[in-house]
Amino acid sequence: MFVTETVKKIKSMEIRGAGRIARACAEALRRHATESRAGDLASFRREMESAAQVLVATRPTAVSLPNAVHLVMSGLEQAVTLDEARNGVIVRAEQFIYSSQHAVEKIAQFGARHIRDGDTILTHCNSEAALGCIIEAHRSGKEIEVFATEVRPRNQGLVTIRTLNDAGIKTNFIVDSAVRSFIHDVDLVIVGADAVTVNGAVVNKIGTSQVAHTAAEARVNVLVAAETYKFAPRTIFGELIQIEERAGNEVLADEISRSLPHVTVRNPAFDVTPAEYIDLIVTEAGAIPPQMAYIIIREYLGWGIEEFHKTFENPTGHEE
Ligand code: RI2
């Protein structure tokens with residue numbers, strides 16, 4: 001089953017990166033709707049809802065995932081026949097996948113304008129939105145150089161340096177702890193995002209906040225490349241972004257851990273960079289200061305808010 005396969009690949013991080021995860025889930029729901037053998041609307045809804053739940057539970061931090069699933073599932077809302085429901089899901093999934101890819105391209109164009117000829121850029125982890133900006137600047141003829149971190153423990157930096165190398169961009173590969181040693185060689189930091197909260201804080205790969213703090217201390221600008229569907233509507237109502245803590249054996253082999261009974265490995269996959277360390281968030285709708293996150297949530301993800309109001313006013317969800 002395609003949904004089960006997608007879940008496995010996301011959990012094992014064969015499919016990773018907030019945007020890719022979101023598109024993979026939209027595609028899984030599209031396939032699920034296409035292949036469903038449900039005989040009536042009610043059972044189709046049930047099937048789709050349980051698939052959506054399983055997909056949302058794969059990784060807890062990247063808000064792009066529930067946002068994409070919510071958008072695709074909204075195709076069911078107005079449906080009165082099985083065909084309408086199936087079609088609604090398929091159309092929304094295709095729309096999301098198309099607009100997500102388009103968003104990454106637009107961000108690359110907008111972000112590249114913030115990179116000057118001769119700039120040295122530092123990036124952390126592997127973000128297609130962030131790399132898009134760097135590659136677009138190079139493509140437009142700007143001479144640039146990159147510092148890319150290793151990104152312990154999953155080494156996503158290896159994916160980044162391969163992409164940069166293939167694009168012919170001069171790249172320095174450094175361990176995560178070397179960022180402060182090189183920050184004075186850097187003109188601009190560009191990273192991606194897994195979630196952006198209403199107060200403009202950015203949740204991204206563990207270590208991002210240290211990078212941003214170091215950059216702030218050195219007066220180096222930090223640019224975040226994030227599609228609008230990475231913004232988290234429910235943070236308006238105080239919901240916190242859950243930080244995924246992954247298995248300890250990603251950091252320390254089990255046999256070593258077993259020999260150290262007093263040692264516990266902690267492995268949070270993400271951290272929170274406060275808005276004060278971020279200069280701009282580049283979205284497909286344009287670049288905004290992080291303090292304007294509320295506007296993006298309101299304008300682009302308003303459905304989350306309206307829905308929350310409905311539940312809040314009528315918590316049982318029953319018609320009055
Ligand atoms: P794009 C990744 O998470 C990284 O934290 C990266 O910065 C972020 O998603 C955004 O990536 P992980 O899946 O959507 O590697 O820009 O844990 O590709």
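Here are some exercises with worked solutions on a predicted model.

**Exercise 1. Two rings from distant parts of the chain**

Classify the pair formed by Phe 96 and Tyr 229, and work out which parts of the chain it ties together.

*Solution.*
- Step 1: Start with the geometry. The ring centres of Phe 96 and Tyr 229 are 4.9 Å apart, and the angle between the planes is 65°.
- Step 2: Apply the cut-offs. Centres within 6.5 Å make a pair, and planes over 60 degrees apart count as edge-to-face. The pair of Phe 96 and Tyr 229 is therefore edge-to-face.
- Step 3: Place the residues. Phe 96 belongs to helix α5 (residues 82-112), while Tyr 229 is in the loop between β7 (221-225) and α10 (254-258), so the pair links parts that are 133 residues apart in sequence.
- Step 4: Check the surroundings. Phe 96 is buried at 4% relative accessibility, and Tyr 229 is buried too, at 7%.

**Exercise 2. A second ring pair**

Now try Phe 147 and Phe 182: is the pair stacked, edge-to-face or tilted, and is each residue buried or exposed, or partly exposed?

*Solution.*
- Step 1: The centres of Phe 147 and Phe 182 lie 5.0 Å apart with the planes at 35°, so this pair is tilted.
- Step 2: Phe 147 sits in strand β2 (residues 145-149) and Phe 182 in helix α8 (residues 179-182), so the parts tied together are 35 residues apart in sequence.
- Step 3: Phe 147 is buried, with 6% relative accessible area, whereas Phe 182 is partly exposed at 29%.
- Step 4: With this pair and that of Phe 96, the count comes to two aromatic pairs.

**Exercise 3. How α1 meets α2**

Describe the packing of helix α1 (residues 2-11) against helix α2 (residues 18-35).

*Solution.*
- Step 1: The axes of α1 and α2 are 9 Å apart, at an angle of about 165°.
- Step 2: Angles over 145 degrees count as roughly antiparallel, so that is how α1 and α2 run relative to each other.
- Step 3: Their crossing is left-handed.
- Step 4: Look at the contacts. From α1 come Phe 2, Val 3, Thr 6 and Ile 10, and the residues they meet in α2 include Ile 21, Ala 24, Cys 25 and Arg 31.
- Step 5: Zoom in on Phe 2. The charged end of Arg 31 sits over its ring, 4.0 Å from the centre. Elsewhere, Lys 205 lies over the face of Phe 270, at 4.3 Å from the ring centre.

**Exercise 4. Backbone exceptions**

Find where the peptide bond is cis and what is notable about phi at Met 13 and Cys 125.

*Solution.*
- Step 1: Recall the background. Residues other than glycine mostly have a negative phi, and most peptide bonds are trans.
- Step 2: The bond joining Arg 152 and Pro 153 is cis, with omega about 0°. Pro 153 lies in the loop between β2 and α7 (157-166).
- Step 3: Met 13 is not a glycine, yet its phi is positive, near 70°. Met 13 is in the loop between α1 and α2 and is buried at 8% relative accessible area.
- Step 4: Cys 125 also has a positive phi, about 70°. Its place is the loop between β1 (120-123) and α6 (128-139), where Cys 125 is buried at 7%.

**Exercise 5. An enclosed helix**

Explain why helix α4 (residues 64-73) counts as largely enclosed.

*Solution.*
- Step 1: List the buried residues of α4: Ser 64, Leu 65, Asn 67, Ala 68, Val 69, Val 72 and Met 73.
- Step 2: That makes seven of the 10 residues in α4, so the helix is largely enclosed by the rest of the structure.

How values were computed: Residues are numbered from 1 along each chain as its sequence is written. This is a predicted model: local features need pLDDT of at least 70, side-chain atom pairs count only at pLDDT 80 or more; totals for chains, interfaces and linings use all residues. Side-chain values use heavy atoms; hydrogens and water are left out. Rings of Phe, Tyr and Trp (its six-membered ring) pair if their centres lie within 6.5 Å; planes under 30 degrees apart count as stacked, over 60 as edge-to-face and the rest as tilted. Helices (H or I, at least four residues) and strands (E, at least two) are DSSP runs, numbered from the N terminus. Buried means under 20% relative accessible area, exposed over 50%, partly exposed in between (1.4 Å probe, protein chains only). A charge sits over a ring if NZ of Lys or CZ of Arg is within 6 Å of the ring centre and within 35 degrees of the ring normal. Axes are lines fitted to C-alpha atoms, for helices over the stretch in contact, and angles run from 0 to 180 degrees between N-to-C directions. Angles under 35 degrees count as roughly parallel, over 145 as roughly antiparallel, 65 to 115 as roughly perpendicular and the rest as oblique. A crossing is left-handed if the near helix is turned anticlockwise from the far one by less than a right angle, and right-handed if clockwise. Contact means heavy atoms within 4.5 Å.
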